[in-house]
Amino acid sequence: MGVVTRDVDTATGQTDAEIISRMHGDPELFGAIFDRYYPAIHGYANRRLGRDLADDIAAETFLVAFDHWRRYDTAHHSARPWLFGIASNLIAGHQRTEARQYRALARADQVATADPDSLDGPADRVAVRLDAQAVRGRLAAALGEIAPGDREVVLLIAWADLTCEEVARALEVPAGTVRSRLHRARRRLRAALGGADPTATGEDSQ
């Protein structure tokens with residue numbers, strides 16, 4: 001089965017960079033970028049901050065992107081790292097909310113483990129919906145204890161499906177810094193989870 005390139009429009013064969021370069025004549029073409037990436041940006045923000053703030057973060061991400069599309073470096077075919085970089089900057093302004101989210105998820109998981117019939121409330125329902133790779137119990141607590149910069153890197157790789165090189169572009173830091181933060185974050189997670197790391201991806205083998 002062939003691999004579908006995520007930064008190419010399957011209908012037109014155009015890359016994100018090609019679409020953005022054509023916006024000089026037709027800014028409304030940005031709608032194709034919005035349609036392509038809004039679900040991923042919203043889903044990422046939802047995992048980080050919850051549904052209420054996810055709507056605002058996703059909307060503002062694309063407002064910022066549209067305001068600055070002329071600065072986009074079309075040498076990069078995929079706009080995905082650029083958009084996640086904008087979203088990450090916006091999410092960084094809600095660190096306290098994110099910390100509360102992790103604490104709520106950790107508590108909800110403890111309740112579910114002790115008494116599955118007692119689940120009642122938004123945080124509890126969120127915890128139940130998350131799959132095996134998502135924040136649960138000790139993982140939620142561990143993520144809450146990791147330095148924000150390290151957490152940003154590990155979650156962009158695990159949840160946004162970016163490579164280290166793409167994260168470096170998103171955060172505008174050297175790739176070596178990304179790899180250092182990733183290693184530090186994974187070490188902390190494994191220590192907290194007895195050697196397990198539910199956020200691990202193929203990026204670890206690179």
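**Figure 1. Burial and overall fold of the protein.** Of the 206 residues in this predicted model, 43% count as buried. The secondary structure consists of 10 helices and 0 strands, and the pattern along the sequence reads α-α-α-α-α-α-α-α-α-α. The exposed surface of the protein comes to about 10,800 Å², of which carbon and sulfur atoms supply 51%. When contacts between residues at least 6 apart in sequence are considered, 63% of them join residues at least 24 apart.

**Figure 2. The aromatic pair of Phe30 and Phe66.** The structure holds 7 aromatic pairs. One of these joins Phe30 and Phe66, whose ring centres lie 5.4 Å apart. Their planes stand at 65 degrees, and because an angle over 60 degrees counts as edge-to-face, the pair of Phe30 and Phe66 is described as edge-to-face. Phe30 belongs to helix H2 (residues 30-49) and Phe66 to helix H3 (residues 51-67), so the pair ties together parts that are 36 residues apart in sequence. Is each partner buried or partly exposed? Phe30 has a relative accessibility of 6% and therefore counts as buried, since the cut-off for burial is under 20%. Phe66, at 34%, counts as partly exposed.

**Figure 3. The aromatic cluster around the pair.** Which residues form one aromatic cluster with Phe30 and Phe66? The other members are Phe34, Tyr38 and Phe62. Within this cluster, Phe30 is the residue from helix H2 described above, and Phe66 is its partner from helix H3.

**Figure 4. Asp150 and its contacts.** Asp150 is located in helix H8, which covers residues 148-158. Its relative accessibility is 8%, and Asp150 therefore counts as buried. Which residues does Asp150 touch, if its neighbours within four places in sequence are left aside? The residues in contact with Asp150 are then Arg181, Arg184 and Ala185.

**Figure 5. Ala191 in helix H10.** Ala191 is part of helix H10, which covers residues 175-192. Is Ala191 buried or exposed? With a relative accessible area of 66%, Ala191 is exposed, because the cut-off for this class is over 50%. Ala142 lies 49 residues away from Ala191 along the chain, and the C-alpha atoms of the two residues are separated by 9.1 Å.

Technical notes. Residues are numbered from 1 along each chain as its sequence is written. This is a predicted model: local features need pLDDT of at least 70, side-chain atom pairs count only at pLDDT 80 or more; totals for chains, interfaces and linings use all residues. Side-chain values use heavy atoms; hydrogens and water are left out. Helices (H or I, at least four residues) and strands (E, at least two) are DSSP runs, numbered from the N terminus. Buried means under 20% relative accessible area, exposed over 50%, partly exposed in between (1.4 Å probe, protein chains only). Contact means heavy atoms within 4.5 Å. Accessible areas come from the Shrake-Rupley method with a 1.4 Å probe; for residues, only the protein chains shown count as cover. Rings of Phe, Tyr and Trp (its six-membered ring) pair if their centres lie within 6.5 Å; planes under 30 degrees apart count as stacked, over 60 as edge-to-face and the rest as tilted.
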